[in-house]
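Reader: I should like to understand the terms that are applied to this protein. Please show me how each one is justified.

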Amino acid sequence: MKKKLRVVVLTLPMALSTLTGCAMTDTKSSDDMPTSGFSTSSEAAESARKVSSQLYNLIGFKGKASDTGPGVKECGKKDPEKYFQIFHSWSFTSTSPEQFEGAMEQLKSKLPKQGWNVVKYGPDSSVNKNLSLTADNEEKKYSVNITYQAKENPPNLNFFVVSGCYQIPDGQKIERF
């Protein structure tokens with residue numbers, strides 16, 4: 001368990017910069033990240049849970065998702081007292097590893113039908129060359145990176161969901177979790 005937690009902690013900053021820096025927008029500046037509107041961090045976290053749940057339903061076979069909740073992060077160089085992003089990192093395992101055969105290809109074909117634009121697909125830069133998919137949903141202002149870790153024991157799908165920039169409503173404070 002400690003090994004898996006270290007992997008998540010070490011890869012989280014890289015995933016955040018990858019997804020929030022270019023996946024949701026063609027611009028290079030963090031100030032140009034998509035705006036997700038006004039929300040409290042609790043309401044935005046609930047939105048991220050719903051997006052993750054919709055992604056879970058696209059997997060197409062039974063398994064178990066990790067029980068992790070969304071988190072709050074700063075929104076690039078924007079005022080951290082007014083702007084924030086929500087991220088939700090979770091993994092999916094199956095009791096039958098054979099079910100993962102073709103799962104990424106199925107997700108690649110199902111995501112566009114649900115409003116997602118696949119912007120990157122192929123092996124990642126890790127030693128294991130894990131199959132990775134990045135997709136944006138312009139309507140929902142979310143991006144997702146899905147990585148199939150075939151060589152893990154057990155094999156799994158890792159999901160990293162991140163929102164555009166939310167602005168906290170006047171009179172509210174951003175909750176950090």
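Author: Glu-46 and Arg-49 both lie in helix H2 (residues 41-58), 3 residues apart, about one turn of the helix. A helix here is a DSSP run of H or I with at least four residues, a strand is a run of E with at least two, and both are numbered from the N terminus. This is a predicted model, in which local features need pLDDT of at least 70 and side-chain atom pairs count only at pLDDT 80 or more, while totals for chains, interfaces and linings use all residues. Residues are numbered from 1 along each chain as its sequence is written, and side-chain values use heavy atoms, with hydrogens and water left out.

Reader: Why is the contact of Glu-46 with Arg-49 called a salt bridge?

Author: The term requires a side-chain nitrogen of Lys or Arg within 4 Å of a carboxyl oxygen of Asp or Glu. The closest N and O atoms of Glu-46 and Arg-49 are 3.4 Å apart, so the pair meets the limit of 4 Å. Side chains of opposite charge can pair when their charged atoms come close. The structure holds 1 salt bridge.

Reader: What makes Glu-46 count as partly exposed?

Author: Buried means under 20% relative accessible area, exposed means over 50%, and partly exposed lies in between (1.4 Å probe, protein chains only). Glu-46 has a relative accessible area of 37%, and therefore counts as partly exposed. Arg-49, at 39%, is partly exposed because its value also falls between those limits.

Reader: Which residues of strand E6 justify calling it mostly covered, and how many are they?

Author: Strand E6 covers residues 131-137, and 6 of its 7 residues are buried. For the protein, 40% of the 177 residues count as buried.

Reader: How do you know that E6 pairs with strand E5 and with strand E7?

Author: Two strands pair if DSSP finds at least two bridges between them. Strand E5 (residues 117-123) is joined to E6 by 6 bridges, and E6 is joined to strand E7 (residues 142-149) by 7 bridges, so both pairs satisfy the requirement of at least two. E5 and E6 run antiparallel, and E6 and E7 pair in the antiparallel sense. Lys-120 stands opposite Thr-134 in E6, whereas Ser-132 has Thr-147 in E7 as its bridge partner.

Reader: What lies between the strands in the hairpin of E6 and E7?

Author: The hairpin has 4 residues between the strands, and Lys-141 takes a positive phi near 60° in this hairpin.
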